[in-house]
Amino acid sequence: MAKKPTAIVIGAGIGGIATAGRLARNGYEVTVVEKNSTGGGRCNQIMKDGHRFDVGPTLFLMPEVFEETYAALGEKMSDHLDLKRIDPTYTVRFDDGTQLALTSNIGAMQAQLEAIEPGAFGGFLRYLSEGQQNYRLSLQKFVGRNFYNYFQYFSLANLPLLFKLKALVKHYDNVDHYFKNPHLKAAFTFQNMYLGLSPYDAPATYSLLQYTELAEGIWFPMGGMYRIIESLTAIAERLGVHFIYNAPVERIEQDGQQATGVVLQDGRKLEADVIVVNADLPYAYRELLQDQSEAKKLDKKKYTCSALMFYWGVDKVYPQINHHNVWLAGDYKASFDSIFDDNTLPAEPSFYVHAPARTDPAAAPEGQDTLMVLVPVGHLDEDQPQDWAALKDRARATVFKRLQEIGVTDLEQHIKFEVCYTPKNWQSLYNLEKGAAFGLSHNFTQVGYLRPRNRHAKYHNVYFAGASTHPGTGLPIVLLSARLTTERILKDAGVSQASYQLQPATA
Ligand SMILES: Cc1cc2nc3c(=O)[nH]c(=O)nc-3n(C[C@H](O)[C@H](O)[C@H](O)COP(=O)(O)OP(=O)(O)OC[C@H]3O[C@@H](n4cnc5c(N)ncnc54)[C@H](O)[C@@H]3O)c2cc1C
């Protein structure tokens with residue numbers, strides 16, 4: 001029997017696990033080496049005193065993409081995840097007391113929108129229809145495919161699409177065609193923060209997010225987001241993938257035009273035919289590949305924002321706080337300018353609160369609550385290092401103050417414990433360059449063929465899968481990255497598409 005091709009995957013983030021599983025299903029002998037004691041990367045969990053926190057992602061979007069990943073690994077998603085739809089998706093609160101519960105219930109949306117701006121419901125329907133077109137076209141033509149050369153991306157066939165998708169129009173400017181009220185313009189653009197982008201900079205294409213949320217739904221896996229990681233890891237292990245934890249990779253070994261393997265920090269050497277880097281791409285070029293010239297170029301690129309996080313175990317339940325909640329700053333534009341131009345915490349920060357026990361009581365002890373607060377902030381800035389201790393205190397004080405608007409007046413006294421992450425934690429825990437929570441930015445010049453590619457230009461057996469390569473950040477998009485990178489590896493190995501889609505698990 002022919003020897004199986006071998007692969008090492010550096011990092012057990014969702015992108016690493018999914019790529020490892022896909023490669024194993026296609027006949028590779030795969031080893032995943034992860035620096036931490038558990039997999040999941042940013043999609044992790046904290047368990048403390050009966051409280052269960054999702055560390056990073058809390059919004060399960062685009063279920064069809066997850067479904068496709070489980071199917072590619074020979075499984076049905078519904079056998080592994082018990083998904084509950086969250087509707088209203090979230091409550092958005094403004095500084096003058098106005099609130100909007102975004103929902104798929106058209107009647108409820110109509111009443112709320114018309115109360116804020118007469119005629120806005122028509123704008124909402126047109127906006128969603130544009131979002132649907134952006135979603136379908138982007139997925140099919142740009143996000144869900146590899147570009148093997150410049151001409152494929154900038155082909156004459158694609159150029160009209162760039163205009164159709166409004167890729168060169170700023171999202172905040174575009175939303176003016178649908179709403180005039182500043183609250184509504186904010187309510188339908190702040191979601192760009194999921195990609196770590198300002199709506200004043202993001203292409204209008206990203207209205208696709210609002211469409212997916214309201215039309216395809218926001219879901220939550222019972223047991224928490226970490227169920228996705230646990231189930232994908234178990235499936236990958238059944239397919240033969242070997243996971244090694246507490247195994248930080250120090251460098252990728254190279255010989256001429258090829259990478260030969262990896263050296264772990266403890267000195268162990270592992271060899272393989274193919275290396276897949278799931279660790280953040282700019283970090284990997286600088287540290288693992290020791291390519292200082294490429295690292296310098298990557299340093300000059302735009303990065304997404306970071307996030308200050310509070311994980312609070314609370315000895316009381318506040319029913320006013322829903323599963324997903326957003327508080328928006330009064331000076332919407334200034335808040336983005338502070339984050340993206342000055343790399344700091346805005347004077348008036350916006351923030352998000354996650355209360356998973358509203359849907360899944362097992363997330364907190366009975367009669368108590370589990371709250372995660374995400375405050376977007378600038379990424380680490382070497383030229384002007386930020387005082388995170390002071391910024392953290394100011395962020396916490398803002399959260400307490402604004403929660404008073406909904407009658408939550410005594411939260412501070414009921415917090416049993418706090419775990420806090422600053423951008424420095426994102427950097428040290430997961431090696432995220434500049435502590436940028438979502439990786440490299442997704443502005444027009446950093447997407448598609450213009451984004452760092454999923455195969456190394458010189459070492460053709462080094463591949464990348466994850467948030468900072470093509471197509472980009474967010475769990476479903478990283479799952480697409482895993483698919484595209486696997487496709488590329490198999491194509492390079494001369495495996496035809498028709499055969500790898502059908503390859504049985506034991507091949
Ligand atoms: C606060 C926050 C909120 C988010 N919210 C959402 C959301 O609601 N919905 C959504 O879809 N997405 C969300 N995201 C984005 C999503 O979490 C990421 O896009 C996704 O998890 C990235 O996965 P990845 O596999 O690319 O990278 P990672 O999760 O970063 O995994 C990379 C892995 O590589 C490991 N590693 C790094 N260096 C080494 C080394 N030298 N040796 C060995 N291992 C190494 C790391 O420890 C890590 O486990 C959020 C992210 C954050 C931070």
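This passage describes the ligand site, the cores, selected helices and the backbone features of a predicted model.

The ligand is surrounded by 40 residues. The closest are Glu34, Arg42, Tyr283, Gly474 and Leu475. Four helices, H1 (14-25), H11, H16 (423-430) and H17 (475-492), each supply at least two residues of the shell around the ligand. Polar contacts involve both backbone and side-chain atoms of the protein. A backbone N or O atom of Ile14 lies 3.3 Å from a ligand oxygen. For Lys35, a backbone N or O atom is 3.1 Å from a ligand nitrogen. Asn278 contributes through its side chain, with an N or O atom 2.9 Å from an oxygen of the ligand. Taken alone, the ligand exposes 1000 Å², and the protein buries 97% of that area.

Helix H11 spans residues 281-288. Of its 8 residues, 6 are buried, so the helix is largely enclosed by the rest of the structure. The buried positions are Leu281, Pro282, Tyr283, Ala284, Tyr285 and Leu288. Their cover includes four strands, E1 (6-10), E10 (249-255), E13 (274-277) and E19 (462-464), together with helix H12 (292-299). Tyr283 of this helix is also among the residues closest to the ligand. Gln290 follows H11 and sits in the loop that leads to H12.

The largest nonpolar core has 117 residues. Within it, Phe188, Ile228 and Tyr311 have the most contacts. Helix H4 (residues 120-143) provides the largest share of this core, 9 residues. A second core is separate and has 27 residues, including Val277, Tyr285, Leu288 and Leu440. Tyr285 and Leu288 are also among the buried residues of H11. In the largest core, Ile228 touches Ile14, Phe60, Phe66, Tyr70, Leu81, Pro221 and Leu475, with residues up to four places away in sequence left out. Two of these partners recur at the ligand: Ile14 through a backbone atom, and Leu475 as one of the closest residues.

Helix H17 contains Ala482 and Thr485. Ala482 is buried, with a relative accessible area of 0%. Its C-alpha atom is 5.5 Å from that of Gly15, although 467 residues separate the two along the chain. Beyond its neighbours within four places in sequence, Ala482 is in contact with Gly15, Ala18, Thr19, Arg22 and Ala465. Thr485 is likewise buried, at 0% relative accessibility. A polar atom of its side chain lies 2.8 Å from the backbone oxygen of Phe464. With neighbours within four places set aside, the contacts of Thr485 are Val276, Asn454, Tyr463, Phe464 and Ala465. Ala465 thus appears in the contact lists of both Ala482 and Thr485.

Phe340 belongs to helix H13 (residues 332-340). At a relative accessible area of 24%, Phe340 is partly exposed. Outside its neighbours within four places in sequence, Phe340 is in contact with Met193, Gly196, Leu197, Ser198 and Cys305. Trp327 is 13 residues away along the chain, and its C-alpha atom is 19 Å from that of Phe340.

The structure holds 0 disulfides. Cys43 is in no disulfide, and the nearest cysteine sulfur, that of Cys305, is 18 Å away. For Cys420, the closest cysteine sulfur also belongs to Cys305, at 16 Å, too far for a bond. Cys43 counts as buried at 3% relative accessibility. Cys420 counts as buried at 17%.

Several backbone features depart from the usual pattern. Most residues other than glycine have a negative phi, and most peptide bonds are trans. The peptide bond from Asp87 to Pro88 is cis, with omega near -5°. Pro88 is in the loop between strands E5 (83-86) and E6 (90-93). A cis bond also joins His470 to Pro471, with omega near 5°. The loop holding Pro471 runs between E19 and H17. Positive phi values occur at Asn246, near 50°, and at Gln290, about 50°. Asn246 is in the loop between strand E9 (242-244) and E10. At 52% relative accessibility, Asn246 counts as exposed.

Note on methods. Residues are numbered from 1 along each chain as its sequence is written. This is a predicted model: local features need pLDDT of at least 70, side-chain atom pairs count only at pLDDT 80 or more; totals for chains, interfaces and linings use all residues. Side-chain values use heavy atoms; hydrogens and water are left out. A disulfide is a pair of cysteine sulfur atoms within 2.5 Å. Buried means under 20% relative accessible area, exposed over 50%, partly exposed in between (1.4 Å probe, protein chains only). Contact means heavy atoms within 4.5 Å. A nonpolar core is a set of buried Ala, Val, Leu, Ile, Met, Phe, Trp, Tyr and Cys residues joined through side-chain atoms within 4.5 Å. A residue is near a molecule or strand if one of its heavy atoms lies within 4 Å of it. A polar contact is a pair of N or O atoms within 3.5 Å; within protein, one must be able to donate a hydrogen and the other to accept it, and residues adjacent in sequence count only if both atoms are side-chain atoms. Accessible areas come from the Shrake-Rupley method with a 1.4 Å probe; for residues, only the protein chains shown count as cover.
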